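Work through the following exercises with the sequence and the structure open beside you. Try each task on your own before you read its solution.

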Amino acid sequence: MHENFSLKPYNTFGVDAEARYFTEANDVEQLKSAVNFAKSESLNLLFLGGGSNLLFTQHFDGLAVKINFKGISEEVLNENSVLVTAKAGENWHEFVMYCLEKNYGGLENLSLIPGNVGTSPMQNIGAYGTEIKDVFASCTVLNLETLEVETFNLEKCRFGYRDSIFKQEGKGKYVILEVKFKLTRKDHSIKTEYGAIQAELDKSGIQNPTIQDVSKAVINIRQSKLPDPKITGNAGSFFKNPTIPLAQFEDLKLKFENIQGYPNGNQVKVPAGWLIEQCGWKGKRIGNAASHQLQSLVIINATGKATGKEIFDFSAEIINSVKEKFGIELEREVNII
Ligand code: EPU
């Protein structure tokens with residue numbers, strides 16, 4: 001157990017916040033003893049995965065627990081499918097690469113997403129036409145009240161766009177221990193409908209892409225426009241893409257004819273990056289925080305010295321100006337501590 005411990009290496013924004021107590025849990029028993037310690041000392045708990053979706057706006061006056069469970073195992077279900085289980089502390093991208101080496105399909109569009117396996121169900125991570133709900137089989141969790149291990153199947157997780165039970169009524173109640181994915185062993189379903197992937201494959205002259213080709217295309221796209229958190233602190237998309245009623249979208253279209261939208265029932269999903277760019281934020285910097293010059297949905301720690309408060313205030317300014325110009329209220333995707 002460490003006291004007054006810097007969490008700078010544990011959040012991809014690289015914000016220098018301290019935890020009053022910090023420990024690592026390498027297995028369920030260590031996790032349980034950390035939880036019991038917090039209970040006995042009446043401390044708040046914070047569980048850390050890859051730290052890629054977190055913004056510390058203040059010190060954390062409680063016990064931060066880094067989830068470090070490691071291990072991948074697999075069970076062949078039949079000729080075409082395999083159930084792969086990864087422990088929560090496995091790095092997401094390394095796990096995706098492991099599956100691709102074995103030629104297991106389903107995760108290739110999710111290549112290079114920062115973070116760990118254990119936090120992937122929290123917000124149903126998604127990119128380039130795939131979300132983890134598409135390949136998710138189940139996960140086991142530790143119930144923090146009873147200290148019993150429970151299993152959540154797909155239905156129980158109630159996945160939505162960047163959403164799950166773990167962000168709603170289950171918030172703060174469970175720690176994800178491991179996740180099982182149902183992947184294909186052959187006859188992979190290749191998803192290239194997300195525009196940029198097809199263009200990237202065309203550039204390389206690939207006509208019948210394999211899952212490995214799709215992964216490479218996704219990696220190229222991400223590297224070309226998203227900042228690498230190892231170099232520039234960031235937490236990926238800072239906001240969710242908002243969904244607005246069709247009638248509101250049609251009104252906006254009269255005023256802003258270039259506005260883009262993806263119909264979703266009688267709602268329309270509007271790219272937040274576009275709204276933010278239209279308000280003049282793309283590449284703009286205030287103090288140590290900035291909007292990324294190639295993707296304005298991503299806020300960066302431009303100098304490496306930004307405080308969480310500075311980044312938070314910067315995001316509040318973006319929310320205000322988008323609200324003023326378009327009447328749309330952006331919602332933060334990143335967890336604010
Ligand atoms: N756009 C702009 N200006 C910008 C950014 C985007 O006009 O500064 C426009 C683009 O031209 C495009 C549209 O917005 O027409 C969508 O942009 P993009 O394809 O880059 O995707 P996104 O909607 O901005 C989402 C996810 C990303 C994911 C990509 C690809 C959310 C909140 N973000 O971004 O996820 O990688 O799609 O699937 O849904 C993340 O969550 O951290 C993340 C990076």
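The exercises below concern a predicted model, and each is followed by a worked solution.

**Exercise 1. The open sheet**

Find the order of the strands in the four-stranded open sheet, and explain why one side of β1 and of β3 is left without a neighbour.

Solution. Begin with the order, which is β1-β2-β5-β3, with mixed pairing in this open sheet. Next, look at the edges, where β1 (2–6) and β3 (44–48) stand; each has a single partner strand, so one side of each lacks a neighbour in the sheet. From one strand to the next, the twist averages 45 degrees. Now turn to β2 (residues 18–25) and β5 (residues 60–67), which run parallel and are joined by six bridges; Glu24, for example, has Lys66 in β5 as its bridge partner. Finally, add helix α1 (residues 28–40), which packs on the sheet and touches β2, β3 and β5, while its direction makes about 170 degrees with that of β5.

**Exercise 2. Two packed helices**

Decide how α4 and α5 are oriented to each other, and describe the residues of their contact.

Solution. Recall that two packed helices are described by the angle between their axes and the distance between the axes. Helix α4 (residues 195–203) and helix α5 (residues 211–225) pack at about 105 degrees, and their axes are 9 Å apart. Angles of 65 to 115 degrees count as roughly perpendicular, and α4 and α5 are therefore roughly perpendicular to each other. In the contact, Ala196, Ile197, Glu200 and Leu201 of α4 meet residues of α5, including Val214, Ala217 and Ile221. The residues of this contact divide into seven nonpolar, one polar and two charged.

**Exercise 3. Aromatic pairs**

Classify the pair of Tyr21 and Phe37, and then the pair of Phe95 and Phe181, by the arrangement of their rings.

Solution. The structure holds 17 aromatic pairs. In the pair of Tyr21 and Phe37, the ring centres are 5.5 Å apart and the planes stand at 80 degrees, so the pair is edge-to-face. Because Tyr21 lies in strand β2 and Phe37 in helix α1, this pair ties together parts that are 16 residues apart in sequence. Tyr21 is buried, with a relative accessible area of 12%, whereas Phe37, at 24%, is partly exposed. The pair of Phe95 and Phe181 is tilted, with 5.4 Å from centre to centre and 40 degrees between the planes. This pair links distant parts of the chain, since Phe95 is in helix α2 (residues 92–101) and Phe181 is in strand β12 (residues 174–184), 86 residues apart. Both Phe95 and Phe181 are buried.

Conventions:
Residues are numbered from 1 along each chain as its sequence is written. This is a predicted model: local features need pLDDT of at least 70, side-chain atom pairs count only at pLDDT 80 or more; totals for chains, interfaces and linings use all residues. Side-chain values use heavy atoms; hydrogens and water are left out. Two strands pair if DSSP finds at least two bridges between them. Axes are lines fitted to C-alpha atoms, for helices over the stretch in contact, and angles run from 0 to 180 degrees between N-to-C directions. Contact means heavy atoms within 4.5 Å. Angles under 35 degrees count as roughly parallel, over 145 as roughly antiparallel, 65 to 115 as roughly perpendicular and the rest as oblique. Ala, Val, Leu, Ile, Met, Phe, Trp, Tyr, Cys and Pro count as nonpolar, Asp, Glu, Lys and Arg as charged, and the others, Gly among them, as polar. Rings of Phe, Tyr and Trp (its six-membered ring) pair if their centres lie within 6.5 Å; planes under 30 degrees apart count as stacked, over 60 as edge-to-face and the rest as tilted. Buried means under 20% relative accessible area, exposed over 50%, partly exposed in between (1.4 Å probe, protein chains only).
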